[in-house]
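Here is a short tour of a protein chain, written to be read with the structure open beside you. Please follow along residue by residue.

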Amino acid sequence: MALKAVHVTDVPSLDLVTENASLSLCSSRFPNGVEMSRSDFKMPKFVVIGHRGNGMNVLQSSDRRMRAIKENTILSFNKAATFPLDFIEFDVQVTRDDCPVIFHDDFIFAEENGSVFGKRLTELNLSEFLSYGPQREAEKEGKVLLRKKEGKIMQWDVEQDDPLCTLQEAFVKVEPTLGFNIELKFDDHFVYEQDYLVHVLQTILKVVFDYAKDRPIIFSTFQPEAAMLIRKLQTNYPVFFLTNGGCEIYEDVRRNSLEEAMKLCLENGLEGIVSEIKGIFRNPGAVTKIKESKLSLLSYGKLNNVPEAVYMQHLMGIDGVIVDLVQEITEAVADMIKPTKGGEGEGLVEGCGKVQGNSKPQFSQQELSFLLKLIPQLIQI
């Protein structure tokens, strides 16, 4: 793959986009729905998004919940759909023969004849990709799927396994009212040719336009050029820029802070930011600037599996959270953000990881200001 800087100017838009298309998030999970111009886009409520479906796999974790169901599979997506969440998030890459598939890692590993080998996912064709892990046909035996994490190769053992899948399968087989947060996945260490990025994004968009129907869709990506291009190629669905919020430093400065993310969004007509929650807690003042700029703000990260941290984000005005512990956090959010007659809702999170109902925390502005000054110091520890 050639390494070349991307220039977004003069990229042709897809002719699949309808004239006067507007952004929309409409399903039974958003009873009032929203349909508005980009400048007015706003999440209709505090949203909960299942990370890679019902939660990512952490194979070395002692917490069985992190190894319960294979991530990024139809089984995981439909398990998540049984809970009152709004979206699932998953990672989409495109195979060598132009099929959008759902898989997080840049490389896929397997064991064959006692040897471990890894291949870059985008260099596989579809049949090769689907040959890893359990197979849909009982008579077939797939390659033993492994995972590389922090330099270690591990058996990808989960309690409930499921075959790998394509984006098209997800649209066809997953509960239709459940929204899709489609992360456009690219290798952090590559600088991509513009033609390659456009081709990949158009391939993904073709499947989305053919199969999305009324399903709510959000696009997100850490790749700045891909974020700008997906906005230029379509206007039907909102585009969010993913950032670590300064928790990790990259050569591309646009990825290194909430301020840079906000600048990228405003200059390119994107609808919002998805940040690592530690980046937000370290820099809570950025939330006000982002909201004043009419951008939506979502978060991801391990702290989003802590109900108290989720509730704090609700108080700060963050629009939603991407979580691994889908059942626990959807239950917590339902309990702590209870609608009132006026349509606004708050509740109580109390104790260590447990939600207590029937009462409400009463924070004065002074107390809330104190917390927002304290949290960045605690995050640094």
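Just after helix α9, G317 adopts a positive phi of about 95°. This is a predicted model, in which local features need pLDDT of at least 70, side-chain atom pairs count only at pLDDT 80 or more, and totals for chains, interfaces and linings use all residues. Residues are numbered from 1 along each chain as its sequence is written, and side-chain values use heavy atoms, with hydrogens and water left out.

How many of the 10 residues of α9 are buried? The count is 8 for this helix (residues 307-316), so α9 is largely enclosed by the rest of the structure. Those buried residues are P307, A309, V310, Y311, M312, Q313, H314 and M316. Here buried means under 20% relative accessible area, exposed over 50%, and partly exposed in between (1.4 Å probe, protein chains only). Helices (H or I, at least four residues) and strands (E, at least two) are DSSP runs, numbered from the N terminus.

Two other residues also have a positive phi, and neither is a glycine. The table sets them side by side.

| Residue | Phi | Loop | Relative accessibility |
|---|---|---|---|
| R52 | about 55° | between β3 (47-51) and α1 (74-80) | 6%, buried |
| D98 | near 65° | between β4 and β5 (100-102) | 37%, partly exposed |

Next comes R120, which sits in strand β7 (residues 115-120). At 13% relative accessibility, R120 counts as buried. Which side chain does the side chain of R120 meet in a polar contact? The partner is D187, at 2.7 Å. A polar contact is a pair of N or O atoms within 3.5 Å; within protein, one must be able to donate a hydrogen and the other to accept it, and residues adjacent in sequence count only if both atoms are side-chain atoms. Setting aside neighbours within four places in sequence, R120 is in contact (heavy atoms within 4.5 Å) with D106, F107, D187 and F190.

Now for the spaces inside. Searching the whole structure turns up 2 cavities of 30 Å³ or more. A cavity is a set of points, on a 1 Å grid over the protein atoms alone, where a 1.4 Å probe fits but cannot get out; lining residues have an atom within 4 Å of a point. Grid points are joined across faces, edges and corners, and a volume is the space filled by probe spheres set on the points.

The largest cavity holds about 120 Å³ of space. Its lining has 13 residues, with Q93, T122, K185, Y192 and Y196 nearest the centre. Strand β4 (87-94) and helix α4 (194-211) each contribute at least two lining residues. By class, this lining has 7 nonpolar, 2 polar and 4 charged residues.

The second largest cavity has a volume of about 30 Å³. Around it are N54, G55, M56, N57, R65, A68, I69 and S76, which divide into 3 nonpolar, 4 polar and 1 charged.

Finally, the chain as a whole: its secondary structure comes to 11 helices and 16 strands. Of its 381 residues, 54% count as buried. Among contacts between residues at least 6 apart in sequence, 67% join residues at least 24 apart.

Note on methods
On a 1 Å grid over the protein atoms alone, a cavity is a set of points where a 1.4 Å probe fits but cannot get out, and a pocket is an open set with protein on both sides within 12 Å along at least five of seven lines; lining residues have an atom within 4 Å of a point. Ala, Val, Leu, Ile, Met, Phe, Trp, Tyr, Cys and Pro count as nonpolar, Asp, Glu, Lys and Arg as charged, and the others, Gly among them, as polar.
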